Each structure stands twice: as structure tokens, then as C-alpha cells.
Amino acid sequence: MTNIYKPFVMEIIKSFQETPDVKTFRLKFKNDEIAKNFSFKTGQFGEYTVFGVGETTFCISSSAFQKDYIECSFKKVGEVTTALERLDKGDEIGFRGPYGNWFEIDEWAGKNLVFVAGGIGLAPIRSCFLSCLAQREKYKDITMIYGARSVSDLVYKTQLNEWEKRDDIKTIYTVDPGGENSSWKGKIGFVPTILEKADPKPDNTVVITCGPPIMIKFVLKSLKKMNFEDEQIITTLEMKMKCGIGKCGRCNIGPYYVCKHGPVFSMAQIKDFPLEY
Amino acid sequence: MTELFKLSPFELNAWMDLLIAAGYPVFAPVFEEGTDKDNLYFKKIKKWNDADIGKLKTKRGPKELFFPINEDLFSYKYNGDGFTLEDPEIEYEPFIVAGLRPCDTAGLDVIDKLFSWDYKDEFYLKKREKAILIAFTCPYTDSSCFCTSVLGKYPYKDGSDIMLTQLKSKDYIVEILTEKGKKLLSHLNKVINPASKEDLKELKKELDNIDKSIKKIKIDKVKSWLENNFEDDYWKNCALECLSCGICTFVCPTCHCFDIIEDRNLDKITRRRTWDSCSFTDFTRMKVHQPRQEHFRRWRQRLMHKYYYYVNNFEVIACTGCGRCIESCPVGINIMTMLSEIDDKGKKLKAKA
């Protein structure tokens, strides 16, 4: 029988401690056949099993063009992520996916892209960003605005440095006031403020944003001020999930299931949602 | 297809016992031992006499035969080198559910849609495929029944393979509705009388009588009101007495939300799904955020999901009008009253516009 609830076993081939409570795992399927046939689109998510503990949901944070492995990043918050955090290179986890919809990156060809991320919200954004960079020639200007509470809360630090060195993309990094340290060379200020200073123009532009709800709220206000339309703003929603495949009923907001109709939505869509997320 | 026959109670008894003898597992309403005698549950029976089809409703409906309260999804163990995962050993064999009411089969038709969209849930669908449903029309109706307001004219026939109606004479009219149903009839090794014109008249009269005895409420404006009034004050006061106990979702034939848990044993661990309820506080609770903290939000979700969201996704109301939630609610919340109130609001809204 086809068991849609049974995960595939993956091995952690590399582990990165991003911040004191955020970790990234690089994962590879144990079964070569499955590894060969696996593909996903950027923005999709997976259900990750810590054997003996349970299952948890988060996005795939690596590029959709990266065929050798997938990466996921998570923050230690609940029972499963706490157990997951204790695992390391060589350990096995279970994976089901990819599920949900995706960023329509091919539809953005010929446009300017502005990525706005806060904290661990960079995880889904990074997958999208890397996937777009893999076909850089398709897009016009690409800007990455990323902020965190403090320097130690910035994730993907090595990659942030690499991106900063590229001259075909613009990067702006910031930390909240008080979160800087003596060696910090980036901006100091909240993401929406920095975004307004960067002042991207709405013409022919798509904004992809993800971060804590409070940041999103003010980023949206800033974008409104800069005359961005709701249709131009793309984000991902988070809801409690169990099955990930539109059955268990948890992630239901209005007539939508975040796991099936999402997690990627435009602001124009979200505007019509009941305020329950 | 519809073929109509007539069976005496004696013949019915013999037929069912022959089906059991032929090896079909037969599930029918029986009194659960040790509980109060009003509670019927679908259980596997050894002989037709054990079944009680004289009482109107089982406590929980037949949902759990297809979507059990607890169901193993897979199990796994560590073999010293890595983890190995195993599917549960289930043999899907044809089985019969007899003694369902029309609203019971309607409930299954509703959740079929969810379990088969996108990802096919074979745990559920394989059982559905193998099941043969023999429905009995209602011997009487009660004050919580409102099926015709949701399902249309009595009886709802789509979900049944065979439907039986008992006439005044105590004989049964047997309607064969599907090929699956027809196959069962061949087990009765005797010539069966087709129903006569008189019988059909009697049948119609009987069904019309049942139809008439069922309370009618108007719900055609419900969806349009729900669509536009998520933030209405009605919600804040609609279910103040609700205890968030979840019994309404537990007995509901269409509620299908579940949790996924690990059952840890020394030799192996089993991943299992168990029924869950949108009435529970933890249902949508995330570590840092709970979008439905106040219980009116959860009540609103329940109504919205049944009469609006589900209709949008599957073109069917996730309610069969069976009234079990009304009977079971410890504080007497009545969904029929709420629907009527909402429909009235919908009408007034129309009138204003």
C-alpha cells in the first residue's frame, strides 16, 4: 500500500550551529533510488521525524536546484525541535515531503526582486533567494534585506558574507538597536526602517518577505507607504500542522489549508483571510 | 440501478446469518456491554439476532469503522545500524455494515472527499472500497433529527448499497442500489419476491411519513452569512456555555480532524493517529502563538468549517443533520437553533440589501 504518513529515512551529513538556538542540518536520503527521484520547488515544506519523539514541520531551506542534498533550519522551541537539536552528523531522521505550494520564481522573470527577512524567517527566503541566484540572468536587480535581534541571532553567517561580496546583488544587513557588537559593520535599526531607507521602487518589483509577525506587520506598512500593491508582496504563513497533506484539519484558515493552498501566499490573498493566523 | 424486493423479517434474519456464514464480517448496532443500555455502537456480530436495529441512532455512527479512534500508521525500531520502518499489517477484506441510517452513509460520503483529495489516504479508502453498506430507513425520528434540511428529501440514498424499509406489515422492502449490493442478494438461496405495486405504494407512504416527521429548518442563507460575518458580535455570545469538551466533534459523523502521536514501547515505537477536536484549546496551539485562544473562536471555526469552508472545498456541507451533537452536548448547545438564527440573520441581510 502507499502509506502517505510514512517518512523516508535521511541521514544528517552536516550540521551547522547557526545561533545559540538555531541549527541547520544538511540531509541525504538513505535510499539512493529515492534520492535520485526526489525534487522539490522552492517554498515547499517537509515533515521531519525525530525517531522516538515525533514529527515537526518546517520549510526546506536549500536551493531547489541543489540536487545532492536538502537543508533545513529550525529553532529550538518545542518538544520535537528540542530533540532534533540534540542530533548531529551521522544521525538519522525521517522526512515526508515536499508538501504545499511554492514561490513562482519563473513567473518573476524580468522583474526586480526584493527579499525582506527577519530572524529565522530567512530560512524559506534563503531557499527562494538561492534558487533565484541559480538563474540570476532571469531577473533584474536583486536586493536582500535581512535583520535579526542581535548579531548572534543572524543565521547563515558564512553565506551572508559570501552574498555581500557579490556585485550582482545588493545586500543590506541590520540588527535591532542594542543588538550590535563592536565588530558589527552592518546597519543598526529595525527591518522596516532599514527597508524604508533602502527605498525600493514598486515598478516591476516583487517583494518576498518572511519573519516574525510583528516584523511582517510593519514591513507591510512600510511597503504601503512606498506604494507597493498587495499582489506584489509574497510571504509564507505558519500554522500548527500535523499531517501536512490536507487531512488533519489543523492549519485551516478560512476555506484554505495552509499545508495545501499555502504556505506561500500573496498579501492580496492573505488580506481576505479571517484574522486567525 | 434500483431493484426492489420484499423480504419477511424471518428471511432477512436468514439472509444476514447466511452472509455471516459465508465469511463476511458483519458490523451492526449492538449494545455495548457495561454501559448504559441506550448506547449502541457498531460492533462485529456473530448472528443477526445480536443486532438492534429498532433503536434510531448509534452513539457515534459508523465513521470509526473506517477511520478508527486510534489507528496505527506505521511502526519503527532501531536495528543497531539505523531505523527501519514498517507498515501496519492490515488485510483489507470485504465486510458488511448493516443497520446504518441514511444520515450515517451521508456522513461517510462527506469525509470520502477529504480522504481522497490530493494525497489518497489508503487507510481510510481501502476500507471504504471493501465495505458494503446496508442501510435501514429510520423506524422513527426524534427531536434532534434535521437530516432533510441538509440532505434533501428523505431518504438519502447515494451512500448505500442496499436500503431496507420496514412496512406496517413488518415485511421489508429491499432496494438494491449498487452492483456490490446485488452480489449480496445471491447469498439468499431462494427465489425472492419482487416488490408489488401495492408494496411500492406502501413504501412511498412509509418514507413520506418519516420525511414529514423530521423537523425542517431553513439553512440556505447560512453560507452567505458566514462568508461575510467572521467578525460579527454573534460569535462572542453564541456558545458562552461551551465547555470545550469536544463531545460534539467526537460523535459527529463528518468531523475528521486528527492528531498524530508516538506510542513508545521498548521493542518498537508506533506512530498513530487519534481523533482530535477543534474545540480543544491545544488544537492550534503553537509554541509561541495560539490563534484560537478564546473558545468562541473555536466554536466559530466549527460552524464555519462545516457550513462554509467545507462547502467551498468539496461542494458538500460537512453535516448530515443527524443531531448527535445536540443529544450529546452536556450544556445543551443546539446547532439547529444556531443554524436557524444564522439563517435569519442571512435573510435580514438580504432584505436590507
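This is a short chat about a predicted model, covering the contact between chains A and B and the sheets of chain B.

Me: How many residues does each chain put into the contact?
Reply: Chain B gives 50 residues and chain A gives 42 residues.

Me: And what area is buried there?
Reply: About 4000 Å² is buried between chain B and chain A, and carbon and sulfur atoms give 55% of that area.

Me: How many salt bridges cross the interface of chain B and chain A?
Reply: The rule finds 7 salt bridges. One of the bridges joins A:Arg250 to B:Asp276, with the closest N and O atoms 2.4 Å apart.

Me: What about residue pairs in polar contact?
Reply: There are 27 such pairs across the interface of chain B and chain A, counting pairs with both residues at pLDDT 80 or more.

Me: Which elements of chain B give two or more residues to the side that touches chain A?
Reply: The strands are β4 (70-78), β5 (83-86), β11 (258-264) and β12 (269-275), and the helices are α3 (102-116), α4 (122-130) and α11 (295-314), each of them in chain B. The element that gives the most is α11(B), with 8 residues.

Me: How does that side split by class?
Reply: The side of chain B that touches chain A has 22 nonpolar, 9 polar and 19 charged residues.

Me: Switching to sheets. In what order do β4, β5, β11 and β12 of chain B sit?
Reply: The order is β5-β4-β12-β11 in chain B, an open sheet of 4 strands with antiparallel pairing.

Me: Why is one side of β5 and of β11 left without a neighbour?
Reply: Both stand at the edges of the sheet in chain B, and each has a single partner strand, so one side of each has no neighbour in the sheet.

Me: By how much are neighbouring strands turned against each other?
Reply: By 25° on average, with direction ignored.

Me: Let's go pair by pair. How many bridges does each have?
Reply: β11(B) and β12(B) pair over 7 bridges, β4(B) and β12(B) over 6 bridges, and β4(B) and β5(B) over 4 bridges.

Me: Which residues could I look at to find these pairings?
Reply: B:Phe258 has B:Trp275 of β12(B) as its bridge partner. In β12(B), B:Thr270 is the partner of B:Ser75. B:Tyr78 stands opposite B:Phe83 in β5(B).

Me: What lies between β4(B) and β5(B)?
Reply: These two strands form a hairpin with 4 residues between them. In the turn, B:Gly80 has a positive phi of about 95°.

Me: Which helix lies across β4 and β12 of chain B?
Reply: That is α4(B), running at about 130° to β4(B).

Me: Now the open sheet of 8 strands. What is its order?
Reply: In chain B the order is β3-β2-β6-β7-β8-β9-β1-β10, with mixed pairing. β3 (40-44) and β10 (193-194) stand at the edges with a single partner strand each, so one side of each is left without a neighbour.

Me: How is β10(B) joined to β1 of chain B?
Reply: By 2 bridges, with the strands running antiparallel; β1 covers residues 3-7. B:Phe5 stands opposite B:Pro194 in β10(B).

Me: What does α4(B) touch on this sheet?
Reply: α4(B) packs on the sheet against β6 (95-100) and β7 (131-136) of chain B, and its direction makes about 65° with that of β7(B).

Me: And where does helix α7 of chain B lie?
Reply: Helix α7 (residues 197-213) lies across β1, β8 (162-166) and β9 (172-176) of chain B, at about 85° to β8(B).

How values were computed. Residues are numbered from 1 along each chain as its sequence is written. Chains are lettered from A and ligands numbered from 1 in the order in which they are written. This is a predicted model: local features need pLDDT of at least 70, side-chain atom pairs count only at pLDDT 80 or more; totals for chains, interfaces and linings use all residues. Side-chain values use heavy atoms; hydrogens and water are left out. Contact means heavy atoms within 4.5 Å. Buried area is the accessible area (1.4 Å probe) that two parts lose on being put together, summed over both. A salt bridge is a side-chain nitrogen of Lys or Arg within 4 Å of a carboxyl oxygen of Asp or Glu. A polar contact is a pair of N or O atoms within 3.5 Å; within protein, one must be able to donate a hydrogen and the other to accept it, and residues adjacent in sequence count only if both atoms are side-chain atoms. Ala, Val, Leu, Ile, Met, Phe, Trp, Tyr, Cys and Pro count as nonpolar, Asp, Glu, Lys and Arg as charged, and the others, Gly among them, as polar. Two strands pair if DSSP finds at least two bridges between them. Axes are lines fitted to C-alpha atoms, for helices over the stretch in contact, and angles run from 0 to 180 degrees between N-to-C directions.
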